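Morning, everyone. Please have the sequence and the model open while I talk. I'll go through it piece by piece.

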Amino acid sequence: MSRPHLQHLALSQFRSHARARLDFDGRPVALWGPNGSGKTNLLEAVSFLSPGRGLRRAGAEEVGRRAEGVGWKIAARLELPGTIREVETQALPGEARSVRIDGKAASQLDLARLIPVLWLVPAMDRLWLEGAEGRRRFLDRACLSLFPDHGEASLAYEKAMRERNRLLKDGSRDAHWYGALESQMAQAGTRLARNRDATLARLMAAQARAETAFPAATLAVVYPEDPLPPSEDLFALALERGRWRDMAAGRSLAGPHRADLDAVWTAKGVAARDCSTGEQKALLVSLILANARALEEEGTAPVLLLDEVAAHLDPGRRAALYDEVCGLGLQAFMTGTEPALFAELGARAQYWEAAEEGGATQLTERSLP
Ligand SMILES: Nc1ncnc2c1ncn2[C@@H]1O[C@H](COP(=O)(O)OP(=O)(O)OP(=O)(O)O)[C@@H](O)[C@H]1O
């Protein structure tokens with residue numbers, strides 16, 4: 001039985017793609033072409049089959065083809081265990097992105113229950129060096145893949161926190177109103193924290209079980225100040241006790257919105273941020289593969305988007321990555337500028353070449369690189 005995968009992808013007026021139609025059989029997909037030929041744009045389109053702003057964190061208005069201004073559309077046929085699902089997502093100019101699943105209007109959060117999409121992009125190369133926000137987002141995408149209710153909990157937490165922040169800024173003394181919002185924050189925030197802890201436990205267990213060429217990481221959720229209270233009641237109490245301090249700051253200072261992801265290369269005992277550039281990349285690949293393994297054990301294997309990953313690995317690790325992706329039976333979309341980067345994949349993958357012609361991306365299916 002093949003793993004969950006895209007069977008067909010159709011793009012209309014999406015970034016540099018005027019019109020593209022691609023058929024897939026579930027094998028990894030390798031895509032090569034010169035800089036600016038539209039490879040990342042294709043991966044970005046696939047990332048829009050999950051909730052949120054995709055792998056570039058772009059708004060709906062940014063991704064329509066500039067020359068056209070008619071709106072954009074992505075349609076995909078998904079082969080899932082025992083079923084085929086048709087997904088469409090699109091936006092007309094000036095409108096928000098809409099989603100349809102099997103012809104019926106759906107929410108973006110519904111996408112999280114169809115097929116998990118995980119990605120590594122060059123912008124993450126500095127993930128361990130820059131601010132906590134990127135690491136928190138990386139952690140939350142892993143959570144969303146394993147716990148589809150994570151998106152709802154995030155939205156509920158943020159909505160209550162925004163309202164509490166408004167009260168704090170206005171200097172409100174309405175204890176009843178604070179109490180209601182703090183109880184919502186405590187409820188959603190505790191769910192977020194539990195999902196995060198459970199996600200890290202699952203990733204580490206998946207790493208420990210796997211025979212892999214990539215380094216295992218010891219992972220933890222950490223906070224800049226106090227750790228998160230361990231229960232909903234204690235969290236609500238901490239929020240209540242922190243009202244004066246938060247009022248002085250004009251915002252909620254403590255909570256899961258301040259969480260950071262801490263990673264240490266287990267065998268070396270070295271923090272991710274102190275590893276070499278290539279080692280940091282290897283740690284990220286390791287986490288994505290662990291996430292894929294954790295999902296695969298539940299029969300919900302993800303689609304992987306690995307943008308320019310191959311070029312940054314040494315030949316031994318590159319071959320290991322291909323072996324692991326193929327061993328797991330994953331549909332991984334991988335990009336690079338040179339076909340030679342994919343030579344070790346041989347007949348185990350499908351291949352496309354991207355080129356820019358007349359201001360638009362042309363995709364041509366190839367046999368072997
Ligand atoms: N909204 C848009 N409309 C039309 N073209 C766009 C739009 N957004 C980006 N592009 C074009 O897409 C091209 C970039 O494509 P993409 O990032 O997919 O390239 P790539 O093949 O991944 O390149 P690299 O190897 O450099 O990463 C650029 O030429 C850019 O101008």
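**A walk through the model**

Start at valine 87. Leaving out residues up to four places away in sequence, valine 87 touches Leu49, Ala76, Leu78, Ile101 and Leu114. Keep in mind that this is a predicted model. Valine 87 sits in strand E5, residues 83–91. Is valine 87 buried or exposed? It counts as buried, because it has 21 C-beta neighbours inside 10 Å, and the cut-off for buried is 20 or more. Take one of those contacts, leucine 49. Valine 87 and leucine 49 are 38 residues apart in sequence. In space, their C-alpha atoms are 7.7 Å apart.

Next, helix H1. This is residues 39–47. H1 is mostly covered: nine of its nine residues are buried. Reading along, the buried ones are Lys39, Thr40, Asn41, Leu42, Leu43, Glu44, Ala45, Val46 and Ser47.

Now the ligand. How many residues surround the ligand? There are 16, and the closest are Asn35, Lys39, Thr40, Asn41 and Arg66. Look at Lys39, Thr40 and Asn41 again: they are also on the list of buried residues in H1. Which element gives the largest share of the shell around the ligand? H1 does, with three residues. As for character, the shell divides into two nonpolar, ten polar and four charged residues.

Stay with threonine 40 for a moment. Leucine 306 is 266 residues from threonine 40 along the chain. Yet the two C-alpha atoms are separated by 9.4 Å. Leucine 306 belongs to strand E12, residues 303–306. It is buried, because 22 other C-beta atoms lie within 10 Å and 20 are enough. Its contacts, not counting residues up to four places away in sequence, are Leu120, Ala332 and Met334.

On to two helices that meet. H4 covers residues 150–170, and H5 covers residues 175–209. Their axes come within 8 Å. They cross at roughly 150°. The crossing of H4 past H5 is left-handed. Which residues of H4 meet H5? On the H4 side, find His150, Ala153, Ser154, Ala156, Tyr157, Ala160, Met161, Glu163, Arg164 and Leu167. On the H5 side, find Trp177, Tyr178, Leu181, Glu182, Gln184, Met185, Ala188, Gly189, Arg191, Leu192 and Asn195. The residues of this contact divide into twelve nonpolar, five polar and four charged.

One more residue in H4: glutamate 158. Glutamate 158 is partly exposed, because it has 14 other C-beta atoms within 10 Å, and that is between the cut-offs of 12 or fewer for exposed and 20 or more for buried. How far is glutamate 158 from valine 303, C-alpha to C-alpha? The separation is 28 Å, and along the chain they are 145 residues apart.

Now strand E9, residues 217–222, where we find alanine 217. Alanine 217 is buried, with 25 other C-beta atoms within 10 Å. Leave aside its neighbours within four places in sequence. Then alanine 217 is in contact with Ala263, Val264, Trp265, Thr266, Ala272, Leu283, Ser286 and Leu287. Between alanine 217 and valine 29 the C-alpha distance is 28 Å, with their positions 188 residues apart in sequence.

Leu283, Ser286 and Leu287 bring us to helix H8, residues 277–296. H8 has 20 residues. From its first C-alpha to its last it reaches 29 Å, close to the 28 Å expected at 1.5 Å a residue. H8 is mostly covered, with 16 of its 20 residues buried.

Last, two backbone angles. Most residues other than glycine have a negative phi. Which way does phi go at arginine 57? It is positive, about 55°, although this residue is not a glycine. Arginine 57 is in the loop between helix H1 and strand E4, residues 72–80. It is exposed, because 11 other C-beta atoms lie within 10 Å and the cut-off is 12 or fewer.

Then aspartate 102. Its phi is near 50°, again a positive value in a residue other than glycine. Where is aspartate 102? Look in the loop between strand E6, residues 98–101, and strand E7, residues 104–106. Aspartate 102 is exposed, with 11 other C-beta atoms within 10 Å.

That's the tour.

Definitions and conventions: Residues numbered from 1 in each chain as written. Predicted model: local features only at pLDDT ≥ 70, side-chain atom pairs only at ≥ 80, totals over all residues. Helix = DSSP H or I, 4+ residues; strand = E, 2+ residues; numbered from the N terminus. Near = placed C-beta within 6 Å. Nonpolar A, V, L, I, M, F, W, Y, C, P; charged D, E, K, R; others polar. Axes fitted to C-alpha atoms, helices over the stretch in contact; angles between N-to-C directions. Left-handed = near helix turned anticlockwise from the far one by under 90°. Contact = placed C-beta atoms within 7 Å. Expected span 1.5 Å × (residues − 1).
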